[in-house]
Amino acid sequence: MNPHIATPRQHGASNFGGTSSGSGGRQDGLRMPRFFKRLFKFPQMDFEMAIWEMWSLLIAPKKVFRSVYYHKQTKNTWHRPDPSFTYLLSFFMALTGLAWGVAYAHSAAGTLRLTLIYVFVHFLAVSLLVATTAYFFVGRLLGPGIAGLPGRRRQQGLFISPQDRDSLEFGYCFDVSWMPAFVGA
């Protein structure tokens with residue numbers, strides 16, 4: 001039995017004796033997205049779901065859309081902050097780059113160079129370019145007043161200011177930019 005049980009804190013964790021900020025320890029700025037926080041936490045990644053999405057994108061893409069739609073209804077976000085699909089797709093792109101390198105490169109260094117270019121330039125850089133372009137095109141040119149577009153958030157969250165309540169999610173644009181890369185590869 002422990003006679004020194006502390007009462008629960010009402011307003012967040014303490015900051016070890018310092019003065020607390022006005023928002024209960026939270027900073028009032030941009031926060032890092034959950035996708036990047038989970039980038040190196042392999043036990044928390046859902047590889048089974050990512051493999052199911054890959055398989056369903058090939059044979060029944062409507063099931064993937066339905067799954068994303070149900071995720072939107074339950075979590076109120078259009079994209080999954082789980083990088084397992086990106087890791088698996090990068091792995092398959094690396095295998096494809098190795099196969100191309102073995103077939104067409106003249107040395108092991110050429111094979112490695114071709115593989116790295118295939119993964120980091122053709123897949124990740126082009127996906128980020130397409131996602132950024134779509135984010136600014138849809139977000140700026142089409143405007144926030146179009147209610148039928150998917151990927152819109154109606155609550156405060158990551159990268160959203162309180163004035164911009166009907167804003168487009170960059171994570172959704174990123175998901176849309178690389179999911180077709182799986183089907184095309």
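This passage walks through the overall make-up of a predicted model, one helix pair, the aromatic rings and two buried residues.

The protein is built from 6 helices and 2 strands. Followed along the sequence, these elements give the pattern α-α-α-α-α-β-β-α. Of the 185 residues of the protein, 29% count as buried. The accessible surface amounts to about 13,000 Å², and carbon and sulfur atoms contribute 65% of that surface. As for how the chain meets itself, consider the contacts with a separation of 6 or more: 65% of these involve residues 24 or more positions apart.

A good place to look more closely is the pairing of helix H2, residues 47–59, with helix H3, residues 61–75. Their axes come within 6 Å and cross at roughly 135°. H2 is therefore oblique to H3, since an angle would have to be over 145 degrees to count as roughly antiparallel. On the H2 side, the contact is made by Met-49, Trp-52, Glu-53, Ser-56, Leu-57 and Ile-59. Their counterparts in H3 are Pro-61, Lys-63, Val-64 and Ser-67. By character, the residues of this contact comprise 6 nonpolar, 2 polar and 2 charged.

The aromatic rings come next. A pair of aromatic rings is described by two quantities, the distance of the centres and the angle of the planes. In this model the count comes to 6 aromatic pairs. One of them joins Phe-65 and Tyr-69, with 6.4 Å from centre to centre and 25° between the planes. This pair is classed as stacked, because planes under 30 degrees apart fall in that class. Both residues belong to helix H3, where they sit 4 residues apart, about one turn of the helix. Phe-65 has a relative accessibility of 52% and so counts as exposed, the threshold for that label being over 50%. Tyr-69, at 37%, counts as partly exposed. Ring pairs also bring in Tyr-70, so to speak, linking Phe-65, Tyr-69 and Tyr-70 into a cluster.

Phe-91 and Phe-92 provide another aromatic pair, this one tilted, with 5.7 Å centre to centre and 55° between the planes. Both rings belong to partly exposed residues: Phe-91 has a relative accessibility of 46%, and Phe-92 has a relative accessible area of 37%.

Phe-85 offers a buried aromatic residue to examine. Phe-85 lies in helix H4, which covers residues 84–104. Its relative accessibility is 1%, so Phe-85 counts as buried. Leaving aside neighbours within four places in sequence, Phe-85 is in contact with Ala-50, Glu-53, Met-54, Leu-57, Trp-178, Met-179 and Phe-182. Two of these partners, Glu-53 and Leu-57, are also among the H2 residues that meet H3. Asp-175 is 90 residues from Phe-85 in sequence, yet the two C-alpha atoms are 9.6 Å apart in space.

The second buried residue is Thr-111, located in helix H5, residues 108–141. With a relative accessible area of 11%, Thr-111 is buried, as values under 20% receive that label. Beyond its neighbours within four places in sequence, Thr-111 is in contact with Leu-98, Gly-101, Val-102 and Ala-105. Thr-111 and Trp-100 are 11 residues apart along the chain, and 7.7 Å separates their C-alpha atoms.

Conventions: Residues numbered from 1 in each chain as written. Predicted model: local features only at pLDDT ≥ 70, side-chain atom pairs only at ≥ 80, totals over all residues. Heavy atoms only, no water. Axes fitted to C-alpha atoms, helices over the stretch in contact; angles between N-to-C directions. Parallel < 35°, antiparallel > 145°, perpendicular 65-115°, else oblique. Contact = heavy atoms within 4.5 Å. Nonpolar A, V, L, I, M, F, W, Y, C, P; charged D, E, K, R; others polar. Phe/Tyr/Trp six-rings, centres within 6.5 Å; stacked < 30°, edge-to-face > 60°. Buried < 20%, exposed > 50% of the residue type's maximum accessible area, 1.4 Å probe, protein only. Areas by Shrake-Rupley, 256 points an atom, 1.4 Å probe, with all protein chains shown as cover.
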